[in-house]
Amino acid sequence: MIRTLFLLLLCTFALEAATLEVKKWSKGETFLTFLEKNKLPLKIYYDLAREEQELATEIMSNVDYQILKNDNDEIEQVMIPIGEELQLHLIKEKNGYELTTTPISFQEEKLAVTVEIKRSPYEDIIDETNNYLLAHEFIQAFKSSVNFKLLRKGDKVVIFYTKRTRLGRQFGAPKIEAAMVEVRGRKNYVFSYNKGRYYDANGKEVEGFFLSKPVNYRRISSRFTYKRWHPVLKRYRAHLGIDYAANRGTPIRAAGNGKLTYVGRKGGYGKTIMIRHQNGYKTLYAHMKGYRKGMRRGKWVKKGQVIGYVGSTGISTGPHLHFGLYKNNRAINPNSVVKITKSKLTGKKRKEFFAYIKQYKKDIEVALNDYSNPSKEKDFDYIVSLDKIAEQPN
Ligand SMILES: [Zn+2]
C-alpha cells in the first residue's frame, strides 16, 4: 500500500524532474545531524513523541536510505529504514515537514543451495551463491555444534533460506530455515524454530543463553512492539526494546558474554552501551546514569557483570533501563529469548517441532540426491530459484 503511494508520488514528481538518490547512513550520524546537514528544521525531531525519538535512534550506520528532491534541490521525501520492516518517512507538506513511520516494502524469495566442500564452508558458500551474509549466517548457526576443522573435501552442505530484496539489492541478512552440514559422512542439522532460534535435529537449542533480566526492576514501563498499527493515532507504533523502571543507580548487568561495541551517548537513548554476543546477537542498554569504571569499546564482559547504572539520560521521563536485543541487526523481543530457561523443547512443542522438521529433512535428502545426479528430474520446487542466485550480485 505504502509502496503504491510512494510510486504515485514519484510519478507526480517525475513531471517536475525530481531526483531520487540512494545514500548510505554514515557512521556516527544521528537523525539530528542529518537534519542539520540537510538544512531541515530541527523542530522535526524535537516535535516527535518520546517513542519516535527513540526509534530515530535505531537508525543503523551503513543502511541505504532514499532522498527525493525536486528541481529546486529541495527535499520532498526521505525514507530511512529502522530495522528490517519499518522506515522513518519524512514528507514535505504545505505547512512544513511531517515524519511518520511506515512499513518497508521488500520482496522475499525462498531459495535452496547445495555446496560441495572444496576449501572451507565459508568460501565455498560464497563461491556458489555470491552471498557472504549467507555464508556468515551459516557459520554462526553451526559454530557451537560443529567442528569445521573435521570437514573433508567432498562433504556437502545444504541450506534452505529466505532472502529479502529491496531496491534490487539484498536487504538484511538472509534467514536460514534449515541447513545441513555433512562432516565425514555424518549429518548435522539446524532448524530455525520458535521465533528464529536454531535447534538441532533432537530439538535442542544450539545457542547460548542470556540472563533472564539485566536489571532488578520495579516494573516494566514499556513493552516490545514491532510494526503495530495504532488505530486511534492512525500510525505505526514501535518500541524496539523493553523499558524496566528501576531506582536511579541500580546496577545494570551484561545479559551475556560479549564484547562492548559502543559506549557513549546515542541520540534519544542517552548514555548507551552495546554488546556483541555470539551467533549474531547484540544487546543495547540505554538511558544510563553512568558506565561502570573501565567500560570502553573493545572490552570483553561476562554474563552478569555490572556494566553501568540506571539513569534517565537522553529522552526519558524517569529512571529506567531501555533494553534492546538484536539478531543480525534486527530488533527482536527480548522476552522471546531471555525468558526461556529450558534449552530443550519438551512436550507438545517438541512434537510439533519434529513434525515441522520432517519435511525439511526429506527436502535436504532430495537436494543431496539431485546434486549427485544432476541429470535427474528435479521434483523439488526450491531448486527452481537456484539459477537466480548466481545472477544477483550482493
Ligand atoms: Zn524504551
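Trainee: In the hairpin of S7 and S8, which residue takes a positive phi?

Mentor: Leucine 167, with a positive phi near 50°; 2 residues sit between the two strands there. Before we go on, this is a predicted model: local features need pLDDT of at least 70, side-chain atom pairs count only at pLDDT 80 or more, and totals for chains, interfaces and linings use all residues. Residues are numbered from 1 along each chain as its sequence is written, and side-chain values use heavy atoms, with hydrogens and water left out.

Trainee: Okay, what is pLDDT, and what is the mean for the protein chain?

Mentor: pLDDT is the predictor's confidence in each residue, from 0 to 100. The protein chain has a mean of 85, and 88% of its residues reach 70 or more. Confidence is highest in strand S21 (residues 306–310), at 97, and lowest in helix H9 (residues 386–391), at a mean of 33. Helices (H or I, at least four residues) and strands (E, at least two) are DSSP runs, numbered from the N terminus. Over residues 377–394 the pLDDT stays under 50, and the model has 34 contacts for them beyond four places in sequence. A contact means heavy atoms within 4.5 Å.

Trainee: Back to S7, then. Which strands does S7 pair with, and in what sense?

Mentor: Two strands pair if DSSP finds at least two bridges between them. Strand S6 (residues 107–116) pairs with S7 in the antiparallel sense over 10 bridges, and glutamate 108 has arginine 164 of S7 as its bridge partner. With strand S9 (residues 175–183), S7 pairs antiparallel over 6 bridges; there threonine 162 is matched with lysine 175. Strand S8 (residues 169–170) runs antiparallel to S7 and is joined to it by 2 bridges, with threonine 165 opposite glutamine 170.

Trainee: How many residues of S7 are buried?

Mentor: Buried means under 20% relative accessible area, exposed over 50%, and partly exposed in between (1.4 Å probe, protein chains only). In strand S7 (residues 156–166), 11 of the 11 residues are buried. In a regular strand the side chains alternate between the two faces of the sheet. Here Lys156, Val158, Phe160, Thr162, Arg164 and Arg166 point one way, while Val157, Ile159, Tyr161, Lys163 and Thr165 point the other way.

Trainee: How do I read the zinc ion? Which residues are its protein donors?

Mentor: Donors are N, O and S atoms within 2.8 Å of the metal (3.2 Å for Na, K and Ca); water is not among the atoms, so sites may look incomplete. The zinc donors come from Glu54 (OE, listed twice), His239 (NE2), Asp243 (OD) and His322 (ND1), at 2.1 to 2.7 Å. Histidine 239 is in strand S14 (residues 235–239) and histidine 322 in strand S22 (residues 320–327), so this pair ties together parts that are 83 residues apart in sequence. Histidine 239 is buried at 4% relative accessible area, and histidine 322 is buried at 0%.

Trainee: Last one: where does the largest nonpolar core lie?

Mentor: A nonpolar core is a set of buried Ala, Val, Leu, Ile, Met, Phe, Trp, Tyr and Cys residues joined through side-chain atoms within 4.5 Å. The largest one has 33 residues, and Phe31 and Phe34 touch the most other members. Strand S3 (75–82) is among the elements that supply at least two residues, and S3 gives the largest share, 4 residues. Domain 1 (2–103) and domain 3 (219–338) both contribute, so the core lies between them; the domain bounds come from an automatic or database domain assignment. Beyond four places in sequence, the contacts of phenylalanine 31 include Trp25, Ile44 and Leu99.
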